[in-house]
Structure formats: C-alpha cells, structure tokens
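Reader: Before relying on any term used for this structure, I should like to see the grounds for it. Please take the terms one at a time.

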Amino acid sequence: MDKSYLKRLSYLLFAPLLFVSVASAETGNAIPVPHEGWDHLWLEMMIDIVAIGIIFALVTIYLLVKYRRKNPNDIGEAKPMSALSVMGWVLIPAFVFIADDVYLGVKNMKHYLEFRRPPENSYTVSVDAYMWGYDITYPEGVITSNELRVPVGRPIKVNLTSRDVVHTLYIPDMRTKWDALPGKQMFLWFNPDKIGEHVMTCTEYCGMLHSGMHGKIIVMPEKEFAKWVEENKPKPQLQEPAPAKAPAQPQTEVKTEGGKI
Ligand SMILES: [Cu+2]
C-alpha cells in the first residue's frame with residue numbers, strides 16, 4: 001500500500017486525540033461548577049449523536065438510491081473492491097465513533113474527578129439520613145431537619161451517613177447523588193452558584209414512607225446565611241453564680257453548766 005497514504009491516515013487518526021487532550025486540560029484555578037459541566041457534556045453528547053446519525057443516514061439514503069434496482073430484470077453484481085477502499089469503509093466510520101467516544105469519555109472522567117474532589121474551602125455539613133428524613137448538622141452547632149441552608153457561591157461538602165437502612169441524597173438541580181449507608185461515612189459536594197431553592201430527595205426505596213423522604217436546599221446570600229447561623233446556633237448556657245462561701249466562724253467557747261467542754 002502507498003506509504004504516503006498510510007501516513008495521511010495516521011494523521012487523521014491521531015489529530016482528534018490531540019484535540020481530546022487539549023479539551024481536557026485544566027482551565028485555571030476557578031472553583032468548578034459540576035452541574036454546569038454535566039449539562040454541557042450531555043448537550044455535547046446529544047449534538048454528536050444527532051450529527052453522526054444525520055451523516056450516516058444521508059450516506060445510507062444516497063447508497064440506497066444510487067444502487068436501487070431500476071428494472072425488474074436487474075441482477076446485482078458484486079464489484080471487487082480494492083484493499084484501500086475496504087480499509088476506508090471499515091476504518092473511517094469506526095474511527096468517527098471511537099474518536100467521539102474517547103473525547104466524551106475523557107470529559108466524563110474530568111467531571112467525575114471534580115465531582116469526587118471537594119475544593120479546600122468547602123463549607124462542610126453533616127447529613128444523617130433516617131426513615132424518613134434528613135437531619136443536618138452545621139459546623140456551628142445548628143441542627144435542622146429536611147432543610148439545608150447554604151451560602152451562595154461557596155462549595156458545599158456534605159458528609160453523609162445513615163442511622164438505619166440504605167438511603168440516598170439526590171439533588172437533581174446540582175446533578176449529584178450519593179448513597180447514605182449505615183455505619184459508613186460517604187460524601188458529596190456541590191457548588192450552589194445561584195440564590196434559590198432546590199429539591200433534595202431519597203432515591204433508594206427505604207420503606208413505607210420512602211416517597212415522603214425529601215426536603216429542600218435553600219441557597220442564600222452569604223450575609224443572610226451568616227445571620228441565620230448566628231440566630232440559630234446554640235446559645236451558651238448561662239451558669240448560675242456559685243453560692244458564696246460562708247465566712248469562717250471564729251471559734252467560740254461553748255459553756256455548759258459543768259464548765260468548759
Ligand atoms: Cu430513604
């Protein structure tokens with residue numbers, strides 16, 4: 001086979017791999033927003049599938065029309081193909097699929113690694129799942145049930161466990177979900193980048209009232225959140241003053257009828 005053809009084919013095969021590595025390079029130190037990344041990846045996947053589907057459909061339609069039987073007596077004849085055209089027909093379509101899969105797979109892995117690596121300045125809360133709700137403990141000592149309040153723009157790490165059976169903490173708007181297992185500490189994190197409310201819910205069937213096991217996440221401006229924490233954190237107990245010690249009595253002599261004791 002012509003060597004220059006093979007050389008050109010190898011460029012064609014490896015160029016997208018270079019593109020993949022550039023696409024997956026880190027883009028700076030900004031805190032990632034995983035839910036935007038997942039949405040972007042989903043959109044890209046849909047566009048790729050549609051584009052590839054249209055290209056393949058057009059080629060198929062073209063071949064069907066070009067090689068259709070034009071009169072009832074036509075008998076098809078198989079024209080021998082050159083080795084080059086056989087390789088082209090096999091390798092090019094396969095390569096289009098594989099290159100796209102590799103590209104999407106690398107981006108998927110990048111988002112997954114972000115999703116499992118909470119940023120260092122995360123605000124950390126503990127969530128205890130139980131039949132059928134969530135208890136949330138904040139680092140300042142505030143405890144809430146089925147309502148997680150968080151400051152906007154700060155990554156939130158959730159330490160997750162369960163008191164009884166297997167549950168899940170699923171936050172659809174944040175594109176994140178993890179199991180809460182009894183006796184085990186799990187975690188997830190998300191970046192609430194806009195003020196608003198979001199649903200959190202259990203997606204692991206956990207008994208009679210599983211469908212009622214949900215709550216909300218309230219993303220608040222930072223100052224309002226700090227005020228809320230201040231108002232709700234446990235107040236230090238006022239200690240009653242210790243009773244003053246009775247002054248030492250001067251020793252007196254007790255006299256009895258019989259004289260001194
Ligand atoms: Cu549950």
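**Grounds for the terms used**

Author: In this predicted model, tyrosine 130 has glycine 133 in strand 2 as its bridge partner. A hairpin of two connecting residues leads from strand 1 to strand 2.

Reader: What makes strand 1 and strand 2 a pair?

Author: Pairing requires at least two bridges between the strands. Strand 1 and strand 2 are joined by five bridges and run antiparallel, so they count as a pair under that cut-off. Another position in this pairing is valine 127, which stands opposite isoleucine 136 in strand 2.

Reader: How do you know that strand 1 also pairs with strand 5?

Author: Seven bridges join strand 1 to strand 5 (residues 156-162), and these two strands run parallel. The cut-off is again at least two bridges, so this is a pair as well. Within strand 5, asparagine 159 is the bridge partner of serine 126.

Reader: Why is the pairing in the sheet called mixed?

Author: The open sheet has five strands in the order 3-2-1-5-8, with mixed pairing. Strand 1 runs antiparallel to strand 2 and parallel to strand 5. On average, neighbouring strands of this sheet are turned by 25° against each other, direction ignored.

Reader: What makes strand 3 and strand 8 edge strands?

Author: Strand 3 and strand 8 (186-190) each pair on one side only. They stand at the two ends of the order 3-2-1-5-8.

Reader: Why is asparagine 146 called partly exposed?

Author: A residue is buried with 20 or more other C-beta atoms within 10 Å and exposed with 12 or fewer. Asparagine 146 has 15 such neighbours, so it counts as partly exposed. Asparagine 146 lies in the loop between strand 3 (143-145) and strand 4 (147-151), and its phi is near 60°, a positive value in a residue other than glycine.

Reader: How do you know that arginine 175 is partly exposed?

Author: Arginine 175 has 19 other C-beta atoms within 10 Å. Since burial requires 20 or more, that count leaves the residue partly exposed. Arginine 175 is placed in the loop between strand 6 (167-171) and strand 7 (176-180), and its phi, near 55°, is positive too.

Reader: What makes a positive phi or a cis peptide bond worth noting?

Author: Most residues other than glycine have a negative phi, and most peptide bonds are trans. A cis bond in this model joins methionine 131 and tryptophan 132, with omega about 10°. Tryptophan 132 lies in the loop between strand 1 (123-130) and strand 2 (133-137).

Reader: What makes valine 127 part of the largest nonpolar core?

Author: Such a core consists of buried nonpolar residues joined through C-beta atoms within 7 Å. The largest core has 22 residues, and Val127, Val158 and Leu169 are those with the most contacts inside it. Strand 1, strand 5 and strand 6 are among the elements that give two or more residues to this core. Beyond four places in sequence, valine 127 is in contact with Tyr134, Ile136, Val158, Leu160 and Leu169.

Reader: How do you know where confidence is low, with pLDDT under 50?

Author: The pLDDT stays under 50 over residues 22-27, and also over residues 252-261. The protein chain averages 84, and 80% of the residues score at least 70.

Terms used: Residues numbered from 1 in each chain as written. Predicted model: local features only at pLDDT ≥ 70, side-chain atom pairs only at ≥ 80, totals over all residues. pLDDT = per-residue confidence, 0-100. Contact = placed C-beta atoms within 7 Å. Helix = DSSP H or I, 4+ residues; strand = E, 2+ residues; numbered from the N terminus. Axes fitted to C-alpha atoms, helices over the stretch in contact; angles between N-to-C directions.
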